[in-house]
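Me: I would like to go through this model in questions and answers, taking one local feature at a time. Please reason briefly in each reply and finish on the value or name requested.

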Amino acid sequence: MRTGRVTQTIWNRSVKKQIQKGNRNSTGKAAWEESSSELVSDDKDFVWSSASVSGKAPAQVKYAVIKAAGDLAAKRVRPTAVSVQILFPESSDEQELKNIMRILTEICEETGLAITCVQAESAEYVLRTVIQITAVGVKENPKQQMKKWFPGTEIILCGYTGLEGTLRLVEEAEADLRTRFTPSFIEKTKRCKESLILPEQILQLPEEAKSRQCGDGGVLCGLWELAEAEKIGFEIDFSKLALKQETVEICEFFQLNPYLLTSAGSYLVLTEHGEETLESLKNAGVPAVRIGFVKEQNARTLVNGEETRYLDRPAPDELSRWWKERKESEEQEDRRGDNYVKHCTL
């Protein structure tokens, strides 16, 4: 299978079909585009969401928390607690665990989340640290139903395209970036984390609005998932997809597409009252811009000046591709080093 998340076709064929055939106890909606699960009881509706990240920088745990908790907030569920599972390569040491826990504690305090469980282990099959966060909350309005969105409904982007991926690239490859960029540019980019949208901010949306967090695959994958979940077509003004200049320059350095770069902490919003929604987002300190509208047909079009094209099915996330290419490059360097040593000993 390709690097990253399995395709929608594979998921439908090998996951959904198997669940429908063999698990009579399954509850809730099983769909490739769904990022959370729900357990309905007589007293409360519990909702949870999981997110995983991998890398070498301890700060990656922050983005897993933002993603998991943000997916709940997008469904109007206030996240209350997280549990954590960490898998380390055998070469890791205790200091790495301490650093991860320090950052985890900081982001959970900032977002008002309790830490209910932490498990950590090392394994010989793990190449770089993998962190999985599961966030849980209680649905305050269990009677919410699927809404039909009519043509002309506005689509708003909250936050910035590819910002999460940009920050993770800085944390993972700062030494590489310093060969091109000044220290002041690097520090300015790190401060861009203040532009990530936190769960409490997205909960300030008007009741009629519907939101969805972008994540793996970037804003283009987020748009596809939104269309699948809400059964809509749309027209998007590609030039309105907000980008930080730091994202543009770092993606150019690594030859990555920012529109396919993981974007937790940014959201797509459907609303019939664009001005009111933009005003409420502004009051919550959320940068937001109209990017398009729902169309009567199911076509999903991207307009960029005089050019119009259809939205493609989601491609692999650019950060995953970067990791894969980086690993292959390191392996080539190791092989060259081994060949040099062999040559010198002959």
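Me: Which residues lie nearest the centre of the second largest pocket?
Reply: In this predicted model, the second largest pocket holds about 410 Å³ of space and is lined by 18 residues. By class the lining has 10 nonpolar, no polar and eight charged residues. Those that lie nearest the centre are Ala59, Lys62, Glu171, Lys190 and Lys193.

Me: Which helix supplies the largest share of the lining of the second largest pocket?
Reply: Three helices, H2, H3 (94–111) and H4 (163–172), each supply at least two residues of that lining. The largest share amounts to four residues, and the helix it comes from is H3.

Me: Is helix H2 largely enclosed by the rest of the structure or exposed?
Reply: Helix H2 covers residues 60–74 and reaches 21 Å from its first C-alpha to its last, close to the 21 Å expected for its 15 residues. Since 15 of the 15 residues of H2 are buried, the helix is, with respect to the rest of the structure, largely enclosed.

Me: What is the phi of Arg76, the residue that follows H2?
Reply: Most residues other than glycine have a negative phi. Arg76, placed in the loop between H2 and strand S3 (77–89), has a positive value instead. Its relative accessibility is 14%, under the 20% limit, so Arg76 counts as buried. The phi of Arg76 is near 65°.

Me: Does Lys231 count as buried or exposed?
Reply: Lys231 lies in the loop between helix H8 (218–230) and strand S8, and its phi is positive, near 55°. The relative accessibility of Lys231 is 63%, and because the cut-off is over 50%, the residue counts as exposed.

Me: How many residues apart in sequence are the parts that the pair of Phe238 and Tyr259 ties together?
Reply: The structure holds six aromatic pairs, and the one formed by Phe238 and Tyr259 is tilted, with 4.5 Å centre to centre and 45° between the planes. Phe238 lies in the loop between strand S8 (233–237) and helix H9 (245–254), whereas Tyr259 lies in the loop between H9 and strand S9 (267–271), so the parts tied together are apart in sequence by 21 residues.

Me: Which residue lies over the face of Trp323?
Reply: Trp323 belongs to one aromatic cluster, together with Phe181, Phe185, Phe253, Phe254 and Trp322. Over the face of Trp323, at 4.2 Å from the ring centre, lies Arg128.

Technical notes: Residues are numbered from 1 along each chain as its sequence is written. This is a predicted model: local features need pLDDT of at least 70, side-chain atom pairs count only at pLDDT 80 or more; totals for chains, interfaces and linings use all residues. Side-chain values use heavy atoms; hydrogens and water are left out. Rings of Phe, Tyr and Trp (its six-membered ring) pair if their centres lie within 6.5 Å; planes under 30 degrees apart count as stacked, over 60 as edge-to-face and the rest as tilted. A charge sits over a ring if NZ of Lys or CZ of Arg is within 6 Å of the ring centre and within 35 degrees of the ring normal. The expected span of a helix is 1.5 Å times one less than its number of residues. Buried means under 20% relative accessible area, exposed over 50%, partly exposed in between (1.4 Å probe, protein chains only). On a 1 Å grid over the protein atoms alone, a cavity is a set of points where a 1.4 Å probe fits but cannot get out, and a pocket is an open set with protein on both sides within 12 Å along at least five of seven lines; lining residues have an atom within 4 Å of a point. Grid points are joined across faces, edges and corners, and a volume is the space filled by probe spheres set on the points. Ala, Val, Leu, Ile, Met, Phe, Trp, Tyr, Cys and Pro count as nonpolar, Asp, Glu, Lys and Arg as charged, and the others, Gly among them, as polar.
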